[in-house]
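Welcome, and please open the model in your viewer. We will go from helix pairs to empty spaces, one selection at a time.

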Amino acid sequence: MNLMPLGSLGAVETNGTVTFGLWLPWVSAADGNVVTVKIIHEADQFLQEMPAREFQLVHSVRPPYGDFWSVAVPIAGTPPAVLGSAWGSPGRYVYRYTITNPDVGTLDWIIDPFAREFGVGKQSAFTLGYQPYVWSAGEAQWRTPALADLILYEVNIAEFGDDLDRARGLVAYLADLGINAIEIMPLSNVGSSVDWGYLPIGYFGVDERFGKRSDFQQLVDICHQHGIAVIVDVVYGHAGVDFPYYDAYTRLQYRENPFMGPFAKDYFSNFGKSTDFNREITRDYFYTANHHWLDVYHVDGFRYDCVPNYWDGAMGVGYASLVYETYQLTKANIASGHPYWSRFEGGPGKPLALVQMAEQLEAPEDVLRSSYSNSTWQNGTFGAARAVAQGDRGQLADLGMKLGLFGYPDRETVNGDDIPKTALQYIENHDHERFLCNFGTSNPDEARNPLFAEGDRRRWYLLQPYLICLLMSKGIPMLWQGEEFAENYFLPDLGMGRVSLLRPMRWDFFYDESGRPIVSLVRRLLRIRRQRDHIRQGTYFFFNDWDRYQQFGILLFARYDGARYTLIAINFGDTDRTVPFWFPKAGDYVEELHGGALDLKNVPALQQVWLDIPSHYGRVWTLT
């Protein structure tokens, strides 16, 4: 893969002159095509007396993709065409392209595939007089946490804090909660004002719904200052129908497309369009997007959405090639001393800390074994936990196995590259209703619209055993925003109600009688995980015994490494239980959640001890 020359693509300002450039393969001047750019200052765009100014681009042929269109437009200090216009003054301008074709006429409203900024609606943008963000002095010392140390928190900026500016004010809260990484749902430009972001139409910047480029850079900077890595959700297997490489060629009525088309799976085809990684321009485009987010925004890695859409095997040109090339790009930038890329250095003999996380729910184990991905989403634990919550106690054994990630590789060495491997653990994420909904729902809407159903927060205590399991499990635990105070939104499995309805976090839940105990439990569990290396990185052992444990709603597993040992005992039932156990190591065991009288003193090795486990709760005993 090759990096595209972003210095000559999109809208690039030099001393008040803005150069526009884009590749439009198969769209040539020789065939009678004319390409123009329409530009207007953002302050003028809704005023009827202030029309956009239009400039014709010049065609050339540039390797490796062919037809290239460009123009240099002097703007700073030039007089406006209409008295009172803001043209020529600093600030944000919005622009779009048109293509005039002899067969189909003039096609307007074609956005820039290389835009770094976006305006209201489906418009590209640039800032005249833009000043690059100045990173804090401490940014050069930031190091991305090791994979096994990650504690993840998934965020939708629009719901978490409304925009990037408000989200920055919540970073201290996240650090205090105990997480050290956030995964942000797509920031890329989309066509709708309320949208999850999974049908992008622009890939090289932050959607104007959330703020400016510098707003996200500042968020990353502040996160790093608080010890929090930033992972961005990227959508490369499909795009929205207004994505210019689909939109323009569809309206031109071309039989083929130089960028888009079915490649592997063709998910989202009803309301989006797949990208074709058989095309060199497609591969290079998304490789360049990765470099841009790593280099300009200092993100710590990627969560790759819908990997099946561009998974063509371990040796293919799609997903596997992209994560491999991104890994090698990172190594090369570290070796060359490129500023800030040292954040991925793990130390002498340590693997890179770059996070490359697949959403490959169809075969999560396989994507880890056969690609440079170092982590993956997986729905196995989620599914087992939901089955137990819905009353199937027989699934406790399955949950116990899933918490240990049996069948997943821990490490792979490929081409001399040592890559640690693991999977995410979650019981909630943006794709599903809140876990509390498993225990009963109500509907506060007088019209009984099912979109407004809610989980019963009076049953908050039923969440506790699942959170203990989750946050003591093997792998990377992930909380979905608000999970720590029993957020209870319902989410339908299908339909526009999933993505076109904002569900802002109800921060008042943090203080109420249902939220306070859950927040307190999550904080204690995360503190334990941070303090105990063997819980984050050690061996997992599940005590799979139906007669002693599971039939009573009890789940026991251990985390250990050498002399360090922790037993996690969880009771999913309605009744307090006393069960036998044989600790493999003698000594004193501190109960980490509450301690005091719950500590176990002078425990003999391999002799029966009776453990008291309260209902809908658990104990965490660690050898001292």
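Contact here means heavy atoms within 4.5 Å. Helices (H or I, at least four residues) and strands (E, at least two) are DSSP runs, numbered from the N terminus. This is a predicted model, in which local features need pLDDT of at least 70 and side-chain atom pairs count only at pLDDT 80 or more, while totals for chains, interfaces and linings use all residues. Residues are numbered from 1 along each chain as its sequence is written, and side-chain values use heavy atoms, with hydrogens and water left out.

**Stop 1: helices 9 and 10**

Select residues 380-389 for helix 9 and residues 396-403 for helix 10. On the helix 9 side, show Gly380, Thr381, Ala384, Ala385 and Val388; they meet Leu396, Asp398, Leu399, Lys402 and Leu403 of helix 10. This contact is made up of six nonpolar, two polar and two charged residues (Ala, Val, Leu, Ile, Met, Phe, Trp, Tyr, Cys and Pro count as nonpolar; Asp, Glu, Lys and Arg as charged; the others, Gly among them, as polar).

How do the two helices pack? The axes of helix 9 and helix 10 are 9 Å apart, at an angle of about 155°, which makes helix 9 roughly antiparallel to helix 10. Axes are lines fitted to C-alpha atoms, for helices over the stretch in contact, and angles run from 0 to 180 degrees between N-to-C directions. Angles under 35 degrees count as roughly parallel, over 145 as roughly antiparallel, 65 to 115 as roughly perpendicular and the rest as oblique.

**Stop 2: helices 6 and 7**

Next, pick residues 280-296 (helix 6) and 319-335 (helix 7), whose axes come within 10 Å and cross at roughly 40°. Helix 6 and helix 7 are therefore oblique to each other. Turn on side chains for Phe286, Tyr287, Asn290, His291 and Leu294 in helix 6, which meet Leu322, Glu325, Thr326, Leu329, Thr330 and Asn333 in helix 7. Five nonpolar, five polar and one charged residue form this contact.

**Stop 3: helices 11 and 12**

Move to helix 11 (residues 464-472) and helix 12 (residues 515-531), where the angle is about 20° and the axes lie 10 Å apart. Helix 11 and helix 12 are therefore roughly parallel. Gln464, Leu467, Ile468, Leu471 and Met472 of helix 11 meet helix 12 residues including Ile518, Leu521 and Val522. The contact of helix 11 with helix 12 has 10 nonpolar residues, one polar and one charged.

**Stop 4: the largest pocket**

Now select Tyr198, Phe268, Phe271, Arg498 and Val499, the residues nearest the centre of the largest pocket among the 35 that line it. The lining has 17 nonpolar, 10 polar and eight charged residues, and the space amounts to about 1000 Å³.

On a 1 Å grid over the protein atoms alone, a pocket is an open set with protein on both sides within 12 Å along at least five of seven lines, a cavity is a set of points where a 1.4 Å probe fits but cannot get out, and lining residues have an atom within 4 Å of a point. Grid points are joined across faces, edges and corners, and a volume is the space filled by probe spheres set on the points.

**Stop 5: the cavities**

How many cavities of 30 Å³ or more are there? The count comes to nine. The largest cavity has a volume of about 110 Å³. Of its 13 lining residues, His430, His432, Trp480, Leu491 and Arg503 are the closest to its centre.

Finish at the second largest cavity, of about 80 Å³. Strand 3 (residues 34-41) gives the most to its lining, with three residues. Other places to click on this lining include Met50, Arg53 and Trp87.
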